[in-house]
Amino acid sequence: MSDQVSPVKYFLCGGFGGICTVVTGHPLDTIKVRLQTMPVPEKGVEPLYRGTFDCAKKTVQREGFRGLYKGMTAPITGVAPIFAMSFFGFGLGKRLQQNTPDEVLSPVQLFAAGAFSGVFTTTVMAPGERIKCLLQIQQGGNSPQKYSGMTDCAKQLYREGGIRSIYKGACATLLRDVPASGMYFLTYDWIKSYFADEQGKVSLWATIFAGGMAGINNWVVGMPADVLKSRLQTAPEGTYKNGIRDVFRELMKKEGPTALYKGVTPVMLRAFPANAACFIGFEVFMKFLNWCAPNL
């Protein structure tokens with residue numbers, strides 16, 4: 001991605017790449033959230049879902065394939081500004097640490113720049129994540145649906161607790177996105193540099209591989225905070241008075257440390273193709289814009 005490309009193209013291509021990410025990865029994201037938030041079964045009682053594939057099977061049986069795409073409107077709505085702010089934050093984070101524009105940053109500095117970008121994205125990400133998770137855990141079939149969609153969910157949350165209710169879990173989202181974004185951009189930048197030729201050019205396949213591996217490492221770091229965030233954001237009001245600290249204490253007491261990686265299978269199955277789709281979408285849309293609007 002050349003620094004000579006206009007910010008407008010970065011924004012448009014990043015937004016399109018983000019949409020590709022959501023469309024590709026949302027079904028597995030729905031399964032992840034349902035596994036993370038399902039109730040702990042009593043002794044001798046079979047759990048609601050036995051695992052990733054059982055969750056997918058039951059969701060499709062009860063709600064059809066559309067059930068796997070519940071809550072997708074929220075992330076798609078926020079994906080363009082999220083990606084725009086993420087890459088803007090990363091670029092700004094790099095610039096703040098550079099003495100000259102061409103200075104090569106160390107891995108620690110790249111991680112810090114990526115972590116800095118996570119702060120930028122949380123302002124948009126937190127309410128979208130809250131709405132997405134609430135819509136995803138709604139069971140189909142004959143179960144009553146509290147929310148009819150993204151707008152209805154946002155309205156009900158606002159009526160119940162104002163803007164604070166919509167931003168519930170913002171600190172948990174920040175706790176996830178700051179270190180995860182740091183690892184994401186560090187991995188992406190390092191792999192691209194490794195595969196670059198003498199002129200600094202990187203093939204499309206290397207870019208896809210870098211993006212896919214960045215997505216996997218992102219979730220290795222961010223998964224525990226994501227579990228805590230999902231539980232906090234989907235819990236009834238007043239359940240966790242001290243926020244994420246209470247969620248963590250309850251989870252450790254009832255389920256143990258392994259619960260911090262609940263839903264890890266669908267996350268890892270999703271991470272590589274979703275991020276590969278993002279960079280394929282980015283490159284394809286960039287070529288399209290360069291062809292139809294070279295002066296944009």
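A residue counts as buried under 20% relative accessible area, as exposed over 50%, and as partly exposed in between. The exercises below use this cut-off on a predicted model.

**Exercise 1.** Classify Phe65 as buried, partly exposed or exposed, and say where Phe65 is found.

Solution.
Step 1. Locate the residue: Phe65 is in the loop between α2 and α3.
Step 2. Take its relative accessible area, which is 61%.
Step 3. Apply the cut-off: exposed means over 50%, so Phe65 is exposed.
Step 4. Add a distance: Phe65 and Pro27 are 38 residues apart in sequence, and their C-alpha atoms are 8.7 Å apart in space.

**Exercise 2.** Classify Lys146 in the same way, then list what Lys146 touches.

Solution.
Step 1. Lys146 sits in the loop between α4 (107-136) and α5 (150-166).
Step 2. The relative accessible area of Lys146 is 47%. The value falls between the limits of 20% and 50%, so Lys146 is partly exposed.
Step 3. Leave out residues up to four places away in sequence; Lys146 then touches Gln138, Asp152, Gln156 and Glu160.
Step 4. For a distance, take Lys94: Lys146 and Lys94 are 52 residues apart in sequence and 44 Å apart in space, C-alpha to C-alpha.

**Exercise 3.** Decide whether Thr52 is buried or exposed, and name its contacts outside the sequence neighbourhood.

Solution.
Step 1. Thr52 belongs to helix α2 (residues 52-63).
Step 2. Its relative accessible area is 10%. Buried means under 20%, so Thr52 is buried.
Step 3. Set aside the neighbours within four places in sequence; Thr52 is then in contact with Ile31, Leu35, Thr265 and Pro266.

**Exercise 4.** Do the same for Ala271, and give its distance from Ala259.

Solution.
Step 1. Ala271 is part of helix α9 (residues 264-292).
Step 2. With a relative accessible area of 0%, Ala271 is buried.
Step 3. Apart from neighbours within four places in sequence, the contacts of Ala271 are Gly212, Gly215, Ile216 and Trp219.
Step 4. Ala271 and Ala259 are twelve residues apart in sequence, with 19 Å between their C-alpha atoms.

**Exercise 5.** Describe the fold of the whole protein and state how compact the protein is.

Solution.
Step 1. Count the elements: the protein has nine helices and zero strands.
Step 2. Compare the radius of gyration with the globule rule. The protein has a radius of gyration of 20 Å, close to the 19 Å given by the rule for 296 residues, so the protein is as compact as a globular protein of that length.
Step 3. Give the extent: the C-alpha trace spans about 65 × 40 × 35 Å along its principal axes.
Step 4. Look at burial and contacts. Of the 296 residues, 47% are buried. Among contacts with a separation of 6 or more, 76% join residues 24 or more positions apart.
Step 5. Turn to the surface: the protein exposes about 15400 Å², and carbon and sulfur atoms supply 63% of this area.
Step 6. Finish with charge: there are 32 positive and 21 negative charges, and their mean positions are 7 Å apart.

**Exercise 6.** Which helix has the lowest confidence, and which the highest?

Solution.
Step 1. Start with the whole protein: the average pLDDT is 85, and 95% of the residues score at least 70.
Step 2. Compare elements: confidence is lowest in helix α3 (residues 73-97), with a mean of 79, and highest in helix α8 (residues 244-254), at 93.
Step 3. Keep a caution in mind: where pLDDT is low, predicted coordinates should not be read in detail.

Conventions. Residues numbered from 1 in each chain as written. Predicted model: local features only at pLDDT ≥ 70, side-chain atom pairs only at ≥ 80, totals over all residues. Heavy atoms only, no water. pLDDT = per-residue confidence, 0-100. Helix = DSSP H or I, 4+ residues; strand = E, 2+ residues; numbered from the N terminus. Rg over C-alpha atoms; globule rule 2.2 N^0.38 Å. Buried < 20%, exposed > 50% of the residue type's maximum accessible area, 1.4 Å probe, protein only. Contact = heavy atoms within 4.5 Å. Areas by Shrake-Rupley, 256 points an atom, 1.4 Å probe, with all protein chains shown as cover. Lys, Arg positive; Asp, Glu negative; His and termini not counted. Charge placed at Lys NZ, Arg CZ, Asp CG, Glu CD.
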